[in-house]
Amino acid sequence: MSRTQINELVLGGACVIGLGLYVALILRPAWASYARVWQRLAAALLSLYVLGVLVGVGVGGALAAVYFWG
């Protein structure tokens with residue numbers, strides 16, 4: 001395996017694990033907190049903002065690490 005393939009494999013695994021954690025720890029509790037379908041859909045939509053912030057913090061941290069590494 002080349003270095004690029006290893007990097008792609010690690011990135012794909014991290015995305016799958018991260019998405020699974022998002023569903024298990026954020027989306028499912030938000031969905032289960034409400035009884036009506038429209039409330040559940042609204043909670044699921046608003047939880048996408050949480051996902052966006054988490055992704056942004058992760059990308060920002062990674063960019064800061066790369067910038068200050070060398």
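## A walk along two helices

Leu9 sits in helix α1. That's a handy place to start, but keep in mind that what you're looking at is a predicted model. With a relative accessible area of 57%, Leu9 is exposed, because anything over 50% gets that label. Now look for Ala42, 33 residues further along the chain: the C-alpha atoms of Leu9 and Ala42 are separated by 34 Å.

Leu9 also has company on the surface. Together with Met1, Ile6 and Val10, Leu9 forms a nonpolar patch, and the four of them have about 450 Å² of accessible area together. Met1 belongs to the segment before α1, a helix that covers residues 3-32. At 73% relative accessibility, Met1 counts as exposed too. A bit of background helps when you look at patches like this one. An α-helix has 3.6 residues a turn, so residues three or four places apart point the same way.

Next, follow α1 itself. This helix has 30 residues, and from its first C-alpha to its last it reaches 42 Å, close to the 44 Å expected at 1.5 Å a residue. Where does α1 bend? Look at Val23, where the helix turns by about 35°.

On to α2, which takes in residues 37-69. Trp38 has its place in this helix, and its 58% relative accessibility makes it count as exposed. Trp38 and Val57 are 19 residues apart in sequence, and their C-alpha atoms are 29 Å apart in space. Leu45 is in α2 as well. Is Leu45 buried or exposed? It's exposed, with a relative accessible area of 52%. From Leu45, look back to Ala30, 15 residues away along the chain: the two C-alpha atoms are separated by 9.9 Å.

Time to step back and take in the whole chain. The protein has two helices and zero strands. Its radius of gyration is 16 Å, well over the 11 Å that the globule rule gives for 70 residues, so the chain is more spread out than a compact globule. You can get a feel for that from the C-alpha trace, which spans about 50 × 30 × 15 Å along its principal axes.

How much of the chain is buried? Buried residues make up 7% of the 70, where buried means under 20% relative accessible area. As for the surface, the protein chain exposes about 5,900 Å², and carbon and sulfur atoms supply 75% of that area.

Methods
Residues numbered from 1 in each chain as written. Predicted model: local features only at pLDDT ≥ 70, side-chain atom pairs only at ≥ 80, totals over all residues. Heavy atoms only, no water. Helix = DSSP H or I, 4+ residues; strand = E, 2+ residues; numbered from the N terminus. Rg over C-alpha atoms; globule rule 2.2 N^0.38 Å. Buried < 20%, exposed > 50% of the residue type's maximum accessible area, 1.4 Å probe, protein only. Areas by Shrake-Rupley, 256 points an atom, 1.4 Å probe, with all protein chains shown as cover. Patch = residues over 30% accessible without salt bridge, like charges linked within 9 Å, V, L, I, M, F, W, Y side chains within 5 Å. Salt bridge = Lys/Arg side-chain N within 4 Å of Asp/Glu carboxyl O. Expected span 1.5 Å × (residues − 1). Bend = angle between axes of the 7 residues up to and from the residue.
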